[in-house]
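Trainee: I'm new to this one and a bit lost. Could you pick a single spot, take a close look at it, and then work outwards from there?

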Amino acid sequence: MLSRVADSLYWMSRYFERADNASRVLKATYGLILNPAKFSTEERWFRAVSSLAPGAAPSRVDPQRALFLLVADPEGEFSIVKCISGARENARQVREEISSEMWEHLNTLFHDVTGFELQPDDDAGAMRVVSLVREGSYRFNGITAGTLNHDEAWHFIQLGKYMERACNLCVLLDAYFLVDKHADDLDWVGLLSSCAAFEGYCKACTAELKPERIANFLLLKPEFPYSVRYSLDRMYEALNAISDLSLSHRTERVERLIGRLRSMVAYVQVDEIIAGLNKYLAAIIEQCRELHSAVHELYIEYPIEVAFPN
Amino acid sequence: MSQCDDAICQYAVPASDVVLPTATERPLRRSWFPRPFHVFVTGVWVGRLSVASSVMWSIRTSKPETERGRIALKGSANDEGATDRARVSTLAQTNGAATANLDAEHKEGHNEQHNSCVNSRLRLAIALRTASPMMRIAFPEHPFAVRETSAAIMIIDTDVSDRSGAETLRQYELNGAYDEMFRAADHPRKQYRQLYNLLLSLGPGELRRSKHEADQSFFNQGITFTVYGHDKGTERIFPHDLLPRIITAAEWERIERGLTQRITALNLFLKDIYHEGKIIEDGVVPGKIVYTCKHYRREMRDIKVPHDVYITVVGTDLIRNPEGNFVVLEDNLRVPSGVSYMLTSRGVMKQIFPGLFQKCRVRPIEQYSQALLSTLRFLAPEGRSDPTVVLLTPGAYNSAYFEHAYLARQMGIELVEGRDLVVHDNVVYMRTTFGLRRVDVIYRRIDDDYLDPLVFESGSVLGAVGLFNAYRAGNIAFANALGTGVADDKAIYAYVPKIIRYYLDQDPILESVETLLMSDRAQRDHVCQRLAEYVVKAVGESGGYGMLIGPHSTEQERSEFREKINAQPRNYIAQPAINLSTAPCFVDGAIEPRHVDLRPYLLYGEKITITPGGLTRVALRKGSLVVNSSQGGGSKDTWVLQN
C-alpha cells in the first residue's frame, strides 16, 4: 500500500474518533451542568475544554461560548465539525481505497453537520450536532467493519482509532482526577458516561462509585472497549498485523514501544498508580506520542537512505 | 417588473368552478419542470402553467374562455436574488378559496434570458383549502414546508412528462445538417430502426422515468466531475443523454482504417522531428512551424522512447459533415480524457435498454481496461519482466479525478501522486508501507509542463524531481511520451494529409477540415475579411477555449479577434464553419436534434487497437456547435453494430 494512502487512512480514523470522543464528552457535560452541584458550571466547562482542546487557553474560556467552540467553531481546530471535515478530507484523498458505503456515510454526515450553520448561542442546535455525530459514529464503525477488507488498510484504520482513543481517555481521566476537591457522584457519572461506560461499570462493579474502581475500570479493564488497556491491545494487534504483511525488518523500535506501553497497563494494579495517577497518565500519553512518530518513520515518511542500506 | 412583486391578481371564481381536492397531503416532488407544464390538484388536471418569460408565470384553468373561470398567478423575481436564487413569491386568491405560492430556484450562473427558464428549477407549492374563506400561506423559508396543515397540495407535473414515446418525436425537425437517425422526416436510417420502433412503443412518461433512473445511477456510482470555485467541493453528474448514437459496421470499419493510418503517420512524424528531422529537410512541413509549436519539447531531441511509440493513448475528435462523411476535427495526443464516461455510460445503458442491446447486436467495449493495461505493460523498459504500472494523477482536486481513480481501479494498478514518487540513481520508486517499490511505466494524467520541476515548470509540485533524467536513462516509460503536443497543434493539423502521404505514401482515408494558417499573409487577409464565415481557434488550446465561432459571433467579438490574429498570427488558424451532424436527444421532455461529434479511443501498443464505440459529445444547447463539457456539453453512449 502507498505510504500516503496509509497515512490518510490513519488520520481519517483519528479525526473521526476525535469527533466521536468530543460528542460523548459534550453530551455528558451538558447533562451535568443542568444539575446544580458542588462544581460550578465554569469549572465543568473548564474541564471539558481542557480535555477536548488542549492548549486552547481554557482559563479564558467563556462558559457561554464553550459549547459553540467545541462543536462548531470554524476557527478552532478542535471542534467536532472541524474533526468531521478532517476525517472526510482524508477519506476523499483515498476514495478508491475505502468502500463506497464508508464514503457515502461519511460524506452525508459531513454535509449534515456543516449544513447547520450554528450560531454561538444556539445550544439546542449544538446538541443536535452532537447527537448526529454519536449516531453517525456507531454506524461508521459498523460500516467500516462490515464492508472493508480486513487487510492493511483496515489495520491502519484500527491503529488510528485506538491511538486516538487511548490518548483521549488519558487526557479525560487526567482532567477529572486533577482537581483536589473530591468530585461528587454526579461528576463520576459524568466521567463514566463520557466514556460510554456507565452501564458497563455498573454491571462489573455495581453502582457504587469509587474513584479507584473507576480508574481501574477505565484504565486497566481489558474487556471494556473504552478502556486504555483495551485500546492498547488493539493497537498491538494492528501493528503486528501490519508488520507481518509488510515484511519489514526494521520493526524493532515499534515493537519495543508498543510492548512497553502494554506492560504499563497489563502488569499493574490500581493501588500502585492511583497516588501518582497524573504522572502515570502523562507517561502513557508521552509514549503514545513516541509510538506515533516511530510508526510514521517506519511506514510513512522513511528517509530514502534507510530504504537503500548500502 | 417591481410592481409585480407580491402582486395579487384577483379573479372572481364561483366556488363551484374551483376543482376542490380532497384534503390529503402529499409531498412535493422535487424534479425538473421544463415549460410549459400542467397543474394537477391531487390528480385532477386544473390548468396549464407556462413560463411566459424568465420572470413571469401564469396559470390558466380549464375554462380560459370566461374571465371568471381563471385563476391567474403572476410573479416576478426579486431583483437581489435574480442571479442565483430567485424566489418568486406569488399570491393569488380566488373567490375566497385558494392561495398559491411559487418558489423558483434558479441554477447557478445562468445569464441568458432564453435559457433561464429551461435551466431554472421550479418548486411549486400551491395549496387549496376549503375551510376558511380566505387562506394565506406564509411564504415558507423552506420551499417544502407548507405551514397550513389542512391544505391539500397541488402536485405539479410537467406537460411533457406523460407524453408517449411517439408524441415526443413529433416535434423533431431536420435542419439541414446530416441527421444521424433520420434520412427524412419519419424515415429512420436502417441502423436506427429498432430504436425508432422502441420509441414508438413507449408509454407515457417512460422516457422520463428511464432518464431519471439513469441520472440516479450515475449519481450513486459517483460518476461526477468537480465544479471548481465552490468551497464544499460540489460534484455534479456529467450530463448524459438517454438515446444511443448508432454507427454501422461499415462506417466503423472506415473510421478504424482512417484513424490507424493517421496515428501511424503522426507517430512517425514525432519520431522524425525529435531525431533527424527529414520531413523538415525535405520541405514538407516548414521547420519554422514545428519549432514554434507551444508544445514542442527541445528536451526530447534524440531521446529513444520504448518501441518508438510516442502516442500510446489517443482520443481523436471526429465530426460528420453534411455529406455524411466522417472528418477529423482535432487530434488529442497529450492526455485525452473522457474514456471513463464511455465505459460507465455503457453499463447504465445496459440496465435501461437491455432488450435493444440484444436486438441491435452492439459490439462490446468492456475490454478497454485490459487493453490499456497490456498496452502500458508493453512500454516497460527492457529486462523488466513483470513491470509495475502506475497512474499519475494531480490529486483529488482535479476535475477528472473520478476518471483517474476509476481507471486505476479497473486496471488494478496504484493511483499515485507526485509526492509518492522518489527518484534515486535515475530509477523511479513509489513509497509504500513495504518500503520503496520500483516503478516501470507511468500512465501520466499530468501535462508535460508539470512532470519534473528540474526540467520544466520549476514551481510544480504535481510531478517528481528527477523523473525526466530517469526517462532519459531509459528506466521509466511515460504514456504518452513527452512532447507529443507538437503533433496535435492546430497549425500542424493543416499538414497532416501531407504527413500521411510523406511517410506512408497513401492518400488519407479520413478527410481533414480545410485549415487556413494565419501566419500566411494571403490566407490571413482572406479570413479577416470574412470572419463571420469562419471558426478561428488558438493553436495550442483545447476544451473549446480561445475560439471564435464566426456565424454566431457579434461584430465586437470579430473585431477583437481580428486584433488578436494580427498581433499573434502564428497563434491562430481558421476553418470554415461546419454544420456538425445532429442526433436525437431527449431534452425538456421532447426528442429534439442536437449537434454531436465523436471521440473514439485508440491504443497504440504492439498494434493499434480502437475500442468499438467512443464518447459522443452533445451540444445540449439548442443550435450550439460547441460540445465541450466545460461549455455546456453532455455525452451519449455510442453503439457500433456487428455486421
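Mentor: Start with B:Asp425, which is exposed because just 11 other C-beta atoms lie within 10 Å of its own. (Exposed means 12 or fewer such neighbours within 10 Å, buried means 20 or more, and partly exposed is in between, with C-beta atoms placed from the backbone.) Bear in mind that this is a predicted model, where local features need pLDDT of at least 70 and side-chain atom pairs count only at pLDDT 80 or more, while totals for chains, interfaces and linings use all residues. Residues are numbered from 1 along each chain as its sequence is written, with chains lettered from A and ligands numbered from 1 in the order in which they are written.

What's unusual about the backbone of B:Asp425? Its phi is positive, about 50°, although it is not a glycine. Most residues other than glycine have a negative phi, and most peptide bonds are trans. As for its place, B:Asp425 sits in the loop between β19 (421-424) and β20 (427-432) of chain B. (Helices are DSSP runs of H or I with at least four residues, strands are E runs of at least two, and both are numbered from the N terminus.)

There's a similar case in chain A: A:Thr206 has a phi near 60°, positive in a residue other than glycine. You'll find A:Thr206 in the loop between α9 (198-205) and α10 (211-220) of chain A. A:Thr206 counts as exposed because it has 9 other C-beta atoms within 10 Å.

Back in chain B, the peptide bond from B:Ala479 to B:Asn480 is cis, with omega near -5°. B:Asn480 belongs to the loop between β23 (477-479) and α13 (490-493) of chain B.

Now zoom out over chain B, which has 16 helices and 34 strands. Of its 643 residues, 43% count as buried. The domain assignment, automatic or from a database, splits chain B into domain 1 (2-158), domain 2 (168-361 + 486-513 + 578-643) and domain 3 (382-475). The C-alpha centres of domains 2 and 3 of chain B are 28 Å apart. Their contact takes 14 residues from domain 2 and 13 from domain 3, where contact means C-beta atoms, placed from the backbone, within 7 Å. On the domain 2 side, strand β11 (residues 224-226) of chain B gives the largest share, three residues. That same side has five nonpolar, six polar and three charged residues. (Nonpolar covers Ala, Val, Leu, Ile, Met, Phe, Trp, Tyr, Cys and Pro; charged covers Asp, Glu, Lys and Arg; the others, Gly among them, are polar.)

One more stop in chain B is B:Arg562, in helix α16 (residues 555-567). B:Arg562 is partly exposed because it has 17 C-beta neighbours inside 10 Å. Leaving out residues up to four places away in sequence, B:Arg562 touches B:Cys528 and B:Leu531. The C-alpha atoms of B:Arg562 and B:Leu531 are 8.2 Å apart, with their positions 31 residues apart along the chain.

Where do the two chains meet? Chain A puts 18 residues into the contact and chain B puts in 20. On the chain A side, α1 (3-33), α4 (80-93) and α15 (304-307) each supply at least two residues. The largest share there, three residues, comes from α1(A). By class, the chain A side has eight nonpolar, five polar and five charged residues.

Finish with two helices of chain A: α5 (residues 100-114) and α6 (residues 123-147) pack at about 175°, with axes 9 Å apart. That makes α5(A) roughly antiparallel to α6(A), a label for angles over 145 degrees, whereas under 35 is roughly parallel, 65 to 115 roughly perpendicular and the rest oblique. (Axes are lines fitted to C-alpha atoms, for helices over the stretch in contact, and angles run from 0 to 180 degrees between N-to-C directions.) Among the residues that meet are A:Leu106 and A:Leu109 from α5(A), and A:Val133 and A:Phe140 from α6(A). The residues of this contact divide into nine nonpolar, four polar and three charged. A:Thr108 is also in α5 of chain A, and it's exposed because 12 other C-beta atoms lie within 10 Å.

Definitions and conventions:
Two residues are in contact if their C-beta atoms, placed from the backbone, lie within 7 Å.
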